[in-house]
Amino acid sequence: MENTLAQDTKGKYFIKTFGCQMNMHDTDRMASLLVTEGYNPAEQIEDADLVIFNSCSIRDKSEQKAYSSMGLLKKDGKKKNPNLKIGFAGCVAQQDKKEVFQGAPHLDFVMGTDSIDQLPEILYRLNHGEEKIMQVGFDPSNDYSIETKVLPGKSTAFVNIMKGCDNFCTYCIVPFTRGREKSRRLEEIVQDVKRLALLGIVEITLLGQNVNSYGKSLGGKKVGQTFPALLIALQKMADEMEANGTTHPRGEGGRPKGIQRIRYTTSHPKDFDEEMIDCHANLNRLVPHLHLPVQSGSPTVLKKMKRYVPIELYKARLAELRRRVPGIAITTDLIVGFPTETEEDFEQTLDLVKQVEFDSLYAYMYSARPGTAALSLGDPILDQEKKRRHAILSEVQAEIQARKNTEQVGKVEEVLCEGESKTNANLATGRTAGWRIVNFSLEGSDLKPSQLEGRILPVKITDANTYALKGELSLL
Ligand code: SAH
Ligand code: SF4
Ligand code: F3S
């Protein structure tokens, strides 16, 4: 059997992924298509016959990283392996199109964000003599219908519920690289997730640039296609599967059966309303974590970003959420150095961070992006000043975060294990439902960290720092 597989193989692939979960999801999708086509994964880039760079364009640095990484294969990649094919995919590919080929004679194809499913066709064409293929069109249909691809043995999955973005926040490239917003039908997603549960998936992350807009392209509220309706339907489906015992019988090594955790990202402050708070309060499979990027604490900057919500309303909603779901983790994204950001604006961001006490946050230095509305404002804040603001913000947050993490010490948390810790093979690592990283020891058990991937385990938290918690398996 193994021999047949080896004979059928078309070679090995390696995909280098940059950027967000959308790109990771696209990588999963490419990998799964490649495996179906007869490719095997390569351990390292040097061993591959097909290398794809899945690029991100969110900031200039991300773009440069993808380009320079691809450039590394220019010198002798094809000398070492004459069969090597190289592709450039993702948001930079979508943005730069044929320009990607300039200065990259070693590149065989450029593939945009809406062309993932055409990968087998592209490879077929390359293997039949075509050169320098470019596939960067957006699918013109209103439909968005897919089946989530996962590799065997996985316990978590990203589930795209929509694609594109229509918000056009003035700093952001995503509406240009991902096209117009389109949603998958609710019924299709529920069936898809049911299938994932049967494959042994225990945690799903629903993906969309603004999940609160989910369903709008399908008719929205009038036809019952809304994000809260989707969350309720998924919870119901998982409850029924568990009650009927129809989930994956594997449960091997104690892996739980069926969808235990539902995550989503990203929600938009303008749309995070009472109905969403109700979902968090009522649906026990929805994790106690909300990522709600606010970007700035200054109303003037928010207006210039085309992302205005009254700060008082933002804070009130979060306070209400914390009241209804005690202990819920709240995280955010912030940008420092937006072109019009004054020292006072920045102070307002600091105030917001101090008042809300986020459980964690991502702070970014503003980067001007091609084609965006904010480009006309220039980029007057010097790098040095952006760095200064970033450092102050990070310092303020680090203190809050360390304190909040320390409050977890003594608790027993359910941790979804991801296997061995990267820095210490004796420790297992995983995440709490609230998205905190926990590295934990397995004393008193004969299990190895690598055997625990996909299991949800009780872990007693014994120590904490700014970025992670430490613990020990709690044998009841
Ligand atoms: N759709 C999500 C965010 C996607 S991009 C949302 O609206 O929340 C992820 C984060 O990158 C953003 O939240 C923002 O903080 C940051 N970002 C986007 N464009 C940027 C730019 N031009 N410069 C710096 N940071 C940026
Ligand atoms: Fe970008 Fe705004 Fe869309 Fe998020 S909501 S992807 S920040 S345009
Ligand atoms: Fe994601 Fe980067 Fe594209 S953040 S949507 S991969 S620009």
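In this predicted model, ligand 3 is surrounded by Cys 20, Asn 23, Cys 56, Ser 57, Ile 58, Cys 91, Val 174, Arg 178 and Gln 209. Ligand 3 lies between domain 1 (4-135) and domain 2 (156-406), because both domains give residues to its shell.

The second largest pocket has a volume of about 510 Å³. Its lining comprises 22 residues, and those nearest the centre are Ser 360, Leu 361, Gln 401, Thr 466 and Tyr 467. Two or more lining residues come from each of strand 13 (329-336), strand 14 (360-365) and helix 14 (383-406). Helix 14 gives the most, with six residues. Domain 2 (156-406) and domain 3 (412-473) both give residues to this lining, so the second largest pocket lies between them.

The two sites divide by residue class as follows.

| Site | Nonpolar | Polar | Charged |
|---|---|---|---|
| Shell around ligand 3 | five nonpolar residues | three polar residues | one charged residue |
| Lining of the second largest pocket | ten nonpolar residues | nine polar residues | three charged residues |

His 25 is a residue of helix 2 (residues 21-37). Is His 25 buried or exposed? His 25 counts as buried because its relative accessibility is 3%, and the cut-off for buried is under 20%. Apart from neighbours within four places in sequence, His 25 is in contact with Ile 146, Thr 148, Phe 158, Val 159, Asn 160 and Leu 207. Glu 472 is 447 residues away from His 25 along the chain, and the C-alpha atoms of the two residues are separated by 32 Å.

How values were computed
Residues are numbered from 1 along each chain as its sequence is written. Chains are lettered from A and ligands numbered from 1 in the order in which they are written. This is a predicted model: local features need pLDDT of at least 70, side-chain atom pairs count only at pLDDT 80 or more; totals for chains, interfaces and linings use all residues. Side-chain values use heavy atoms; hydrogens and water are left out. Helices (H or I, at least four residues) and strands (E, at least two) are DSSP runs, numbered from the N terminus. Buried means under 20% relative accessible area, exposed over 50%, partly exposed in between (1.4 Å probe, protein chains only). Contact means heavy atoms within 4.5 Å. A residue is near a molecule or strand if one of its heavy atoms lies within 4 Å of it. Ala, Val, Leu, Ile, Met, Phe, Trp, Tyr, Cys and Pro count as nonpolar, Asp, Glu, Lys and Arg as charged, and the others, Gly among them, as polar. Domain bounds come from an automatic or database domain assignment. On a 1 Å grid over the protein atoms alone, a cavity is a set of points where a 1.4 Å probe fits but cannot get out, and a pocket is an open set with protein on both sides within 12 Å along at least five of seven lines; lining residues have an atom within 4 Å of a point. Grid points are joined across faces, edges and corners, and a volume is the space filled by probe spheres set on the points.
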